[in-house]
Amino acid sequence: MNEVVVAPIELEEADYEAITGDPLIKRNLALLGHVNVRLDVLIGTAELSVEKLFSLSKGESIVLDAELDAPVTLQLDGKPIARGYLMAVGDCFGLKISEIL
Amino acid sequence: MNEVRFGWIGETRRTTLRSLVAAEVADWSHDWWIHHTAADVDVRSNYPQEAGARKTSPWISSNESGSIAFHLVGKEIDAVGRHLAGALGDDDAEWAQHIGQSALEDLAARILRRAGIGKPAKLSLTPASESLGPARLGAFAATVALGSLKLNLAVDRQLVDRLVPPHASMGANLVPRHDALGSVPLRISAVMDFGKVSLTHLSDLRVGEVVAGDCGLEEALEIYIEGRSSVATGYLRRSGTQRAVMLDGVNSQDRHKP
């Protein structure tokens, strides 16, 4: 039987400087197609004083600055990416897109 | 760390302080200067010099409540004794020094007593501290003249504040911070966690398309403050023609949006 030499491995020092200016991975979102992202829908906002905030109790309502028929905003990572109207899709909310870039 | 407050004392306090020092010097001169006449005693406020600007060390009485210093303007302390006693010659140098030092210690004690300091430290030749130096640190200085004898006197801010306390209130009464916060406006937002979609689906979204979310019709919304901290949950409702949220529960204080 051949004798196997066992020796520690020494890694080469990583070079942090790019060899050329071109990105190695092309900007192709299709590569990320399977990645799931979480979306939020901003329903509306309101302004409250600190005192009011700390006096709120269960069952109390806060009136938002959005009209009932105004579009809501779809957000990705806190950034608005589309607007649309809330719909009922079965037992869940859905969004009918009205504006998107 | 040695903390020295920055800032000049106001002109009103300087004037009051000069008058206070002048009154003490007049009484002291009456008791110590053999040729005392009120007309020959003069006290003028001036601006103290930097500690490093003087070539000689001053005589200082100092404790934790404040410091007072006498700069003798190129003279020795026995010269003060000779001037006060009037008739001492070179043979009486020891007596002249004793009288000079005792007299200045008495003047320091009188001023310190006015500041409520009952047991003043003895005078000693000490390099002037920074607090007795520049006017920008609140020190006060005056030139004292008894006839032809001139000496400079300086007191630090601690002593100044004891002699002529600053007015505590410079305007409206202070209110507790919590009370002041009460009316600060905050913007809250009602946000629905819509669920996850793949980037492929996101890229293909078009106007008119309906995206089904994961949020049930009876699920609660999150209430965020300034877009960051989630503080409560509530259900989507209406209030007249406006949307509203009816509060249901409180979130833990440390939930934040990423």
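## An enclosed strand in chain B

In this predicted model, strand 5 of chain B, which spans residues 140-146, has five of its seven residues buried, so this strand is largely enclosed by the rest of the structure. Burial here rests on a count of 20 or more other C-beta atoms within 10 Å of a residue's own.

Strand 5 of chain B has partners in strand 1 and strand 6 of chain B. With strand 1 (residues 41-46) of chain B, the pairing is antiparallel and runs over six bridges, and within this ladder B:S45 lies opposite B:A142 of strand 5. With strand 6 (residues 149-155) of chain B, strand 5 is joined by seven bridges, again in an antiparallel arrangement, and here B:L146 faces B:L149 of strand 6. Strands 5 and 6 of chain B form a hairpin with two residues between the strands, and in this hairpin B:G147 adopts a positive phi near 65°.

## A sheet built from both chains

An open sheet of ten strands draws on chain A and chain B, its strands being ordered 2(A)-11(B)-10(B)-9(B)-7(B)-1(A)-3(A)-4(A)-5(A)-8(B) with antiparallel pairing. Its edges are formed by strand 2 of chain A and by strand 8 (210-216) of chain B, each of which pairs on one side only. From one strand to the next, the twist averages 45°.

Within this order, strand 1 of chain A is adjacent to strand 7 of chain B, and the two pair in the antiparallel sense over 13 bridges, with strand 7 covering residues 185-198 of chain B. One of the facing pairs along this ladder places A:A46 opposite B:I188 of strand 7. Elsewhere in the sheet, strand 9 (residues 221-225) and strand 10 (residues 229-239) of chain B are paired antiparallel over five bridges, with B:I223 standing across from B:A232 in strand 10.

## The contact between the chains

The contact between the two chains involves 48 residues of chain A and 50 residues of chain B. On the chain A side, the elements that contribute two or more residues are strand 1 (36-49), helix 1 (50-53), strand 2 (61-67), strand 4 (79-89) and strand 5 (92-100) of chain A. Among these elements, strand 1 of chain A gives the most, with 14 residues. By residue class, the side of chain A that touches chain B comprises 27 nonpolar, eleven polar and ten charged residues.

## Helix packing in chain B

Two packed helices are described by the angle between their axes and the distance between the axes. For helix 2 (residues 77-85) and helix 3 of chain B, the axes come within 6 Å and cross at roughly 90°; because an angle of 65 to 115 degrees counts as roughly perpendicular, these two helices of chain B are roughly perpendicular to each other. The residues that meet include B:I77, B:V80 and B:L84 from helix 2 of chain B and B:W95, B:I99 and B:L104 from helix 3 of chain B. This contact divides into ten nonpolar, five polar and two charged residues.

Helix 3 of chain B, residues 93-114, also packs with helix 1 of chain B, residues 11-32, where the axes come within 10 Å and cross at roughly 145°. The crossing of helix 1 past helix 3 of chain B is right-handed. From helix 1 of chain B, B:L20, B:V21, B:E24, B:V25, B:W28 and B:W32 meet B:A103, B:D106, B:L107, B:R110, B:I111 and B:R114 in helix 3 of chain B. The residues of this contact divide into eight nonpolar, no polar and four charged. B:A103 of helix 3 thus appears in the contact with helix 1 of chain B and in the contact with helix 2 of chain B.

Conventions: Residues numbered from 1 in each chain as written. Chains lettered and ligands numbered in written order. Predicted model: local features only at pLDDT ≥ 70, side-chain atom pairs only at ≥ 80, totals over all residues. Contact = placed C-beta atoms within 7 Å. Helix = DSSP H or I, 4+ residues; strand = E, 2+ residues; numbered from the N terminus. Nonpolar A, V, L, I, M, F, W, Y, C, P; charged D, E, K, R; others polar. Pairing = 2+ DSSP bridges. Axes fitted to C-alpha atoms, helices over the stretch in contact; angles between N-to-C directions. Left-handed = near helix turned anticlockwise from the far one by under 90°. Parallel < 35°, antiparallel > 145°, perpendicular 65-115°, else oblique. Buried ≥ 20, exposed ≤ 12 C-beta atoms within 10 Å, placed from the backbone.
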